[in-house]
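Good morning, and thank you for the opportunity to speak. I shall present one protein structure today, beginning with its empty spaces and then turning to the framework around them. Please look at the structure as we proceed.

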Amino acid sequence: MNVLVGADIGGTKLALRVETPDGTVRVDTEVPATGWEATPVDRAARWLLGRVAPVLPAGDGIAALGVGAQGCDTQEHCARLAAAFERLGVPTTVVNDAALLVPAAGLEHGVGVIAGTGSIAVGEDADGTVLFAGGWGWVLGDEGSAPALVRDATRAALAAYDTDRRDDGLLSALLAHFRVPDAPGLARAVNDRPDTDHWGPAAPAVFRAATAGSPLALGVVDEAAAQLCALVTRLRARGAVGGTVVAAGGVVLGQPLLAGRLRARLGAAHPDLTLRLLEVPPVAGAVALARTRHRAA
């Protein structure tokens with residue numbers, strides 16, 4: 001049987017879904033995304049197909065493939081990667097992973113916002129041109145992502161310490177997470193391993209401090225929401241269409257405080273927009289892209 005395959009390639013995991021053309025799910029699984037790089041495109045295509053092959057039911061072939069990939073941050077890059085799959089004999093549509101959110105929600109138009117390991121917003125203008133905002137990596141931005149929240153919280157806590165302000169709960173939450181005794185130890189713990197795997201897991205500590213009433217932590221969360229809202233504002237200024245912002249990613253879905261602050265920020269800046277938290281896996285959007293590509297073949 002020829003099947004439809006959807007792939008959602010994020011910062012830490014690869015979600016794969018295999019469906020029959022009539023919509024029956026045959027495979028729904030996740031594997032580590034270790035080794036994923038969006039360039040060079042020929043290598044990237046082989047990397048993904050090498051992980052799809054083991055999960056395909058025996059005897060099945062790929063009728064079409066839909067891919068949402070972290071690192072495909074321009075329309076041109078997505079087109080080049082799709083062409084690499086086509087050269088390997090697989091009809092394929094490729095988008096940035098944030099662009100899976102709108103089709104996964106069953107919508108034709110809207111803005112997708114991811115806040116998880118990284119952050120980015122994606123939309124389309126009336127001509128179908130894909131628009132991106134953010135996605136520059138947590139060192140330069142990625143506000144609302146787990147590592148960026150920890151970065152900003154650490155800065156806030158250390159700045160307060162430098163001015164002899166009493167710990168309002170944020171510093172102690174970070175000290176407990178990193179298992180260090182004091183502010184200098186926190187600075188060393190964070191600086192010695194400046195990578196997402198080390199910083200990201202500390203994000204829940206920031207939210208615990210915020211929920212407990214830390215003004216510093218609440219400020220960090222509110223600023224993250226403001227920056228995510230700003231991504232949407234940039235896209236709308238460039239012509240993004242649709243009345244819904246579809247949000248996904250482990251941070252915004254797992255932390256109601258951030259989702260609530262984002263909803264409030266969007267409501268103030270764009271009263272005509274509705275925020276929808278994605279209730280299905282984004283890989284469902286990848287399968288929808290594969291289905292559309294199959295029908296066009």
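A cavity, in this talk, is a set of grid points where a 1.4 Å probe fits but cannot get out, whereas a pocket is an open set of points with protein on both sides. Please keep in mind that the model before you is predicted.

With that term in hand, how many cavities of 30 Å³ or more does a search of the whole structure find? The search finds 1. The largest cavity holds about 40 Å³ of space. Its lining consists of Glu143, Gly144, Leu149, Asp152, Val220, Glu223, Ala224 and Gln227. Helix 4 and helix 9, the latter spanning residues 215-237, each supply at least two residues of this lining. The largest share, 4 residues, comes from helix 9. By class, the lining of the cavity divides into 3 nonpolar, 2 polar and 3 charged residues.

I turn now to the pockets. The largest pocket has a volume of about 1,300 Å³. It is lined by 48 residues, and those closest to its centre are Gly10, Gly11, Thr12, Gln70 and Thr117. Among the elements that each supply at least two residues of this lining are strand 2 (13-19), strand 3 (25-32), strand 7 (119-124) and helix 4 (146-162). The lining of the largest pocket comprises 19 nonpolar, 20 polar and 9 charged residues.

The second largest pocket contains about 480 Å³ of space. Of its 22 lining residues, Val95, Ala99, Pro103, Glu124 and Leu289 lie nearest the centre. Helix 2 (75-87), strand 5 (92-96) and helix 12 (283-296) are among the elements that give two or more residues to this lining. Here the classes are 12 nonpolar, 7 polar and 3 charged.

Let us consider the framework. The protein chain has 12 helices and 10 strands. Its radius of gyration is 20 Å, close to the 19 Å that the globule rule gives for 297 residues, so the chain is as compact as a globular protein of that length.

We may now examine the sheets. Strands of a sheet pair through backbone hydrogen bonds, either parallel or antiparallel.

In one open sheet, 5 strands follow the order 3-2-1-4-5, with mixed pairing. Strand 3 and strand 5 are the edge strands, each pairing on one side only. Neighbouring strands of this sheet are turned by 15° against each other on average, direction ignored. Strand 1 (residues 2-9) and strand 4 (residues 61-69) run parallel and are joined by 8 bridges. Within strand 4, Ala69 is the bridge partner of Ile9. Helix 2 packs on this sheet, touching strand 4 and strand 5. Helix 12 also packs on the sheet, and its direction makes about 140° with that of strand 1.

Another open sheet, again with mixed pairing, has 5 strands in the order 8-7-6-9-10. Why is one side of strand 8 and of strand 10 left without a neighbour in the sheet? Strand 8 (130-134) and strand 10 (274-277) stand at the edges and have a single partner strand each, so one side of each has no neighbour there. In this sheet, neighbouring strands are turned by 20° against each other on average, direction ignored. Strand 9 (residues 244-248) runs parallel to strand 10, and 4 bridges join them. Thr244 has Thr274, in strand 10, as its bridge partner. Finally, helix 11 (residues 256-269) lies across strand 9 and strand 10, running at about 160° to strand 10.

Thank you for your attention.

Definitions and conventions. Residues are numbered from 1 along each chain as its sequence is written. This is a predicted model: local features need pLDDT of at least 70, side-chain atom pairs count only at pLDDT 80 or more; totals for chains, interfaces and linings use all residues. Side-chain values use heavy atoms; hydrogens and water are left out. Two strands pair if DSSP finds at least two bridges between them. Axes are lines fitted to C-alpha atoms, for helices over the stretch in contact, and angles run from 0 to 180 degrees between N-to-C directions. Contact means heavy atoms within 4.5 Å. On a 1 Å grid over the protein atoms alone, a cavity is a set of points where a 1.4 Å probe fits but cannot get out, and a pocket is an open set with protein on both sides within 12 Å along at least five of seven lines; lining residues have an atom within 4 Å of a point. Grid points are joined across faces, edges and corners, and a volume is the space filled by probe spheres set on the points. Ala, Val, Leu, Ile, Met, Phe, Trp, Tyr, Cys and Pro count as nonpolar, Asp, Glu, Lys and Arg as charged, and the others, Gly among them, as polar. The radius of gyration is taken over C-alpha atoms; the globule rule is 2.2 Å times the number of residues to the power 0.38.
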